[in-house]
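Student: I should like a close look at one part of this model, taken slowly and in context. Please describe its surroundings in one connected account.

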Amino acid sequence: MKKVLVIHGANLNLLGLREPEIYGKKSLYELNKKLYEEAEKLGLYLVVYQTNSESQLLESIHNAKDFFDFIIINPGAFTHTSIAIRDALLSVGIPFIEVHLSNIFSREDFRKHSFLSDIAKGVITGLGEYSYILALRYIAENES
Ligand code: DQA
């Protein structure tokens with residue numbers, strides 16, 4: 001069974017309350033419930049983690065080494081600032097998909113740059129919860 005870690009970064013605990021016109025009305029709990037349901041259908045082992053702390057996010061990537069086969073990560077604003085998260089992902093060598101709820105290319109200029117995209121297996125942005133669901137489906141159907 002493939003083991004997948006979903007990491008939600010900064011401010012994603014506020015989903016549903018936070019700018020719902022951009023990020024939707026669903027809470028993180030509701031999103032995670034969907035992800036667990038989808039993972040079960042797809043036969044994936046799934047762990048979901050959220051943190052607002054960059055250091056804890058780094059630890060979660062380090063601790064994933066030698067256990068998880070794939071990471072799906074939405075770093076939130078750390079996407080646009082964190083060389084440390086890039087280095088952590090390169091260090092553990094676990095393939096990952098970068099996901100975003102909103103389309104980062106249709107927003108402010110500072111969101112158009114990601115420190116992760118060029119080293120990601122793929123990037124899915126702008127499809128709301130489907131960004132995560134499609135990433136799970138890709139892993140289930142394509143990654144050995
Ligand atoms: C986000 C996009 C980021 O620019 C923003 O800082 C977030 C959420 C998204 O899922 O659309 O916190 O990653």
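Tutor: A residue is called buried when its relative accessible area is under 20%, exposed when this is over 50%, and partly exposed in between, with a 1.4 Å probe and only protein chains considered. The model is predicted, so local features require pLDDT of at least 70 and side-chain atom pairs pLDDT 80 or more, whereas totals for chains, interfaces and linings use all residues. Residue numbers run from 1 along each chain as its sequence is written, and side-chain values rest on heavy atoms, without hydrogens or water.

The part to examine is helix H5 (129-142); helices are DSSP runs of H or I with at least four residues, strands are runs of E with at least two, and both are numbered from the N terminus. Ile-133 belongs to this helix and is buried because its relative accessibility is 4%. Beyond its neighbours within four places in sequence, Ile-133 contacts (heavy atoms within 4.5 Å) Lys-34, Leu-35 and Glu-38. Ile-133 also lies 9.9 Å from Tyr-36, C-alpha to C-alpha, although 97 residues separate the two in sequence.

Ser-131, likewise placed in H5, is buried because its relative accessibility is 0%. The side chain of Ser-131 approaches the backbone oxygen of His-100 to 2.9 Å; that is a polar contact, since the term covers N or O pairs within 3.5 Å that, within protein, consist of a possible hydrogen donor and an acceptor, with residues adjacent in sequence counted only if both atoms are side-chain atoms. With residues up to four places away set aside, Ser-131 touches Val-99, His-100, Ile-124, Thr-125 and Gly-126.

The helix also contributes to the interior. A nonpolar core is a set of buried Ala, Val, Leu, Ile, Met, Phe, Trp, Tyr and Cys residues joined through side-chain atoms within 4.5 Å. The largest such core contains 23 residues, and Val-4, Leu-35, Leu-46, Ile-72 and Tyr-132 have the most contacts inside it. At least two of its residues come from each of strand S1 (3-8), helix H2 (28-42), strand S2 (45-50), strand S3 (70-74), S4 and H5. H5 provides the largest share of this core, five residues. Tyr-132 reaches widely separated positions in the sequence, including Val-6, Leu-31, Leu-35, Ile-72, Asn-74 and Leu-101, with residues up to four places away not counted. A second core, separate from this one, has 19 residues, among them Ala-10, Leu-57, Ile-73 and Phe-96.

Some of these partners also occur around the ligand. Asn-74, His-100 and Leu-101 belong to the ligand's surroundings, as do Ala-10, Arg-18 and Ala-77, among others; a residue is included if one of its heavy atoms lies within 4 Å. This shell comprises five nonpolar, five polar and two charged residues, where Ala, Val, Leu, Ile, Met, Phe, Trp, Tyr, Cys and Pro count as nonpolar, Asp, Glu, Lys and Arg as charged, and the others, Gly among them, as polar. Oxygen atoms of the ligand lie 2.9 Å from a polar side-chain atom of Arg-18, 3.2 Å from a polar backbone atom of Ala-77 and 2.8 Å from a backbone N or O atom of Leu-101. Of the 320 Å² of accessible area that the ligand has on its own, the protein covers 99%, as computed by the Shrake-Rupley method with a 1.4 Å probe; for residues, only the protein chains shown count as cover.
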